[in-house]
Amino acid sequence: MVKENPIPSKSKRPLIVMKFGGTSVGSAERMKNVAEIVADHAQRAEVAVVVSAMGGVTDMLIRAATQASQGDREQWKNVRRELAHRHREVADQLLKAAEQAIVLPRLADAVTDFENLCSGFSLVREVTPRAMDTLSSLGEVMSAQLVAAILRSRGTPAEAVDATELIVTDDNFGSATPLFEETHAQTRQRLAGLRRRGVVPVITGFRGATRQGVCTTLGRGGSDYSGTIVGGALDADEVWIWTDVDGVMTADPRLVPGARILPEISYPEAIELSFFGAKVLHHKTIQPVMKKKIPVWIKNSFNPTCPGTCIVPSANSSQRGVKAITSVSKAAIITLSGKDALSFPRLAAKTFNALSLEDIPTLMVTQSSADNVLCFAVHEADVRRVKAQLEKSFELEMLHDYMVAIEVMSHVAIVVAIGEDMKGTPGIAGRAFGVLGRHGISIIAIAQGSSELSISFAVKSADVKESVKVIHEEFKL
Ligand code: ADP
Ligand code: ASP
Ligand code: MG
C-alpha cells in the first residue's frame with residue numbers, strides 16, 4: 001500500500017484561510033498583489049484562499065440577467081464582451097503562454113455559460129432565483145481561475161476549487177444557509193489531497209450548492225461568509241479577510257472621514273456592527289467560527305503591513321462605553337395599531353409570525369401595549385413583502401374593523417451606537433439624544449438592544465450622515 005504524506009501538522013505550520021474581496025482582485029495589478037501576499041505567507045503558513053469576483057462584476061452580471069429577462073437582447077451582449085475582456089486582460093498581462101493555455105478555455109466556458117443563461121432568460125422573459133445564483137456567481141469562477149494561475153506562474157503551486165464542491169447549503173436561493181456537518185466533511189475530503197501536496201486551494205467565494213449539486217449563493221457580500229465557513233470546516237488557526245480599508249473602524253469612513261481603526265473587537269460587537277450595515281463584514285461571517293473561537297482578522301490588501309483589526313471571542317478592552325457607530329441608511333418604519341377587540345399579544349404574535357413566514361429581519365422594535373401600537377423598522381427593500389404578508393395575515397381583522405390601516409413611514413435611517421461595555425456606562429442614550437437635539441435632528445424612535453450591546457435611533461434618511469458624524473464626535477471616537 002502506498003503511504004500518503006500526512007496533511008502538514010499544525011504544530012509546524014499554522015493554517016490561515018485568506019479571503020480577498022472585489023477591490024483586492026479588481027485588476028491585473030491587484031491580482032498580482034494578491035499573489036504576492038499569498039506566496040509570501042505560504043512560506044511560513046499553510047494558506048487556503050477564498051476569492052470574490054473582480055470588483056463590479058457581480059453587479060454587472062445581475063444587471064444583465066435582469067435586462068435579459070425583460071426581453072432586452074442587446075445589453076447582455078455588451079456585458080458578455082466586457083466580462084470576457086476584463087478577465088482576458090488579466091490573463092494577457094500576467095500569465096505565460098502555458099498558463100494561458102490552461103486558463104483561457106476555462107474563462108471561455110464561464111462566458112459561454114453566461115451567454116446560454118442570458119439567452120434563455122430573454123427567451124422565456126424570466127429569471128428564477130435558482131438560475132440567478134448560477135449566473136451571478138460566475139465572476140467568482142473566473143477570478144479563482146485567474147488567481148490560481150497567477151500563483152502557479154510565479155512558482156506557488158495552486159489550484160482553483162469551485163465551492164459548489166465544498167459548501168453544501170439549503171435551497172434558499174439568493175441567501176442560502178450552509179448545512180455545516182456536510183460542508184465540513186465535504187470540504188475536508190475535497191481539499192485533503194491538495195493540502196497533502198502543499199497546493200494552495202483558491203476557492204470561489206459567494207457560492208455553494210444544494211445536496212443535489214444545484215448552485216446557490218450566500219447573499220450579497222457573502223464571500224466573507226465563505227471564508228469563515230471554510231475556516232471553520234478546516235479548523236483553521238485564523239481567518240484573514242483582506243479588503244480595502246485598514247480594518248474595522250469606529251464608523252463607515254465614507255460617512256466619517258476621521259473614523260479610527262479598532263485594533264480589536266469582540267464577536268458580539270462584530271455581529272452587531274455587520275447586522276446594522278457595516279459593509280466591511282457580511283452579517284453572518286462570525287457564525288461559522290464561533291464555536292471553535294477562531295480569530296478573524298480584517299486587513300488591507302492595499303496596505304498589507306498594517307496589522308488591521310482582530311475579531312476575538314470576547315473583548316479584552318479597557319475602552320468603556322461606545323466603540324463604534326454604524327447605520328442602515330435605507331429603512332422604513334411600519335406601525336400597526338389595533339382596536340380594543342384585538343389584544344396586544346395577539347397583534348404582536350400575528351405580526352411576528354408574518355415576518356417569520358417571509359424570513360424578514362427587523363432592525364428595531366418599539367411598542368405601546370396600552371395603546372395597542374406596535375412599531376418596527378425593516379430594510380426599505382423588504383417593505384413590499386412585509387406589507388403584503390401583513391395584509392394577508394390581518395385580512396379578517398381589517399374586515400371586522402379591529403385594526404386601523406398598516407402605516408409605512410419611508411426614508412428612515414437607523415443609527416446604531418455599539419460597544420460591549422455600554423451596559424455598565426450610564427447616560428449614553430441621554431448624551432446621544434442631547435447631541436442630536438443640539439444639531440436639530442429629530443429622533444423618530446429609539447430602542448436598546450436586549451443584549452445591551454447597542455442603542456438604535458431612527459432618524460430621517462436625510463439626517464443619517466450628520467447623525468453618525470455628531471454621535472461619533474460626542475463620544476470622541
Ligand atoms: P470587499 O470588496 O473587500 O468585501 P466591501 O466593500 O464589501 O469590501 O467592504 C469594505 C468597505 O466597507 C470599506 O471600503 C468601507 O467603505 C465600508 N465600511 C462600512 N462601515 C465600515 C466600518 N465600520 N469599518 C470599516 N469599513 C467600513
Ligand atoms: N461577489 C459577491 C458580491 O458582490 C460576493 C462578495 O463579493 O462578497 O456580492
Ligand atoms: Mg464585502
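**Ligand 2 and the six-stranded sheet**

Q: In this predicted model, how far is an oxygen atom of ligand 2 from an N or O atom in the side chain of serine 52?
A: Polar contacts here are N or O pairs within 3.5 Å. The one from the side chain of serine 52 to an oxygen atom of ligand 2 comes out at 3.2 Å.

Q: How much of the accessible area of ligand 2 does the protein cover?
A: Backbone atoms join in too: an N or O of glycine 221 sits 2.8 Å from a ligand 2 oxygen, and a polar backbone atom of serine 223 is 3.0 Å from an oxygen of ligand 2. On its own, ligand 2 has 260 Å² of accessible area. The share of that covered by the protein is 86%.

Q: How many residues of the shell around ligand 2 are polar?
A: The surrounding residues include Thr58, Phe206, Gly222 and Ser223. Sorting the shell gives one nonpolar and two charged residues, and the polar ones number five.

Q: Which strands stand at the edges of the sheet?
A: The open antiparallel sheet runs E12-E13-E11-E14-E16-E15. An edge strand has a single partner, so one of its sides is left without a neighbour in the sheet. That picks out E12 (364-368) and E15 (445-448).

Q: Which residue in E13 does alanine 332 stand opposite?
A: Strands E11 (324-337) and E13 (373-379) pair in the antiparallel sense, over seven bridges. Across from alanine 332, in E13, is valine 378.

Q: At what angle does helix H14 run to E11?
A: Helix H14, residues 464-474, lies across E11, E14 and E16. Its angle to E11 is about 125 degrees.

Conventions
Residues are numbered from 1 along each chain as its sequence is written. Chains are lettered from A and ligands numbered from 1 in the order in which they are written. This is a predicted model: local features need pLDDT of at least 70, side-chain atom pairs count only at pLDDT 80 or more; totals for chains, interfaces and linings use all residues. Side-chain values use heavy atoms; hydrogens and water are left out. A residue is near a molecule or strand if one of its heavy atoms lies within 4 Å of it. A polar contact is a pair of N or O atoms within 3.5 Å; within protein, one must be able to donate a hydrogen and the other to accept it, and residues adjacent in sequence count only if both atoms are side-chain atoms. Accessible areas come from the Shrake-Rupley method with a 1.4 Å probe; for residues, only the protein chains shown count as cover. Ala, Val, Leu, Ile, Met, Phe, Trp, Tyr, Cys and Pro count as nonpolar, Asp, Glu, Lys and Arg as charged, and the others, Gly among them, as polar. Two strands pair if DSSP finds at least two bridges between them. Helices (H or I, at least four residues) and strands (E, at least two) are DSSP runs, numbered from the N terminus. Contact means heavy atoms within 4.5 Å. Axes are lines fitted to C-alpha atoms, for helices over the stretch in contact, and angles run from 0 to 180 degrees between N-to-C directions.
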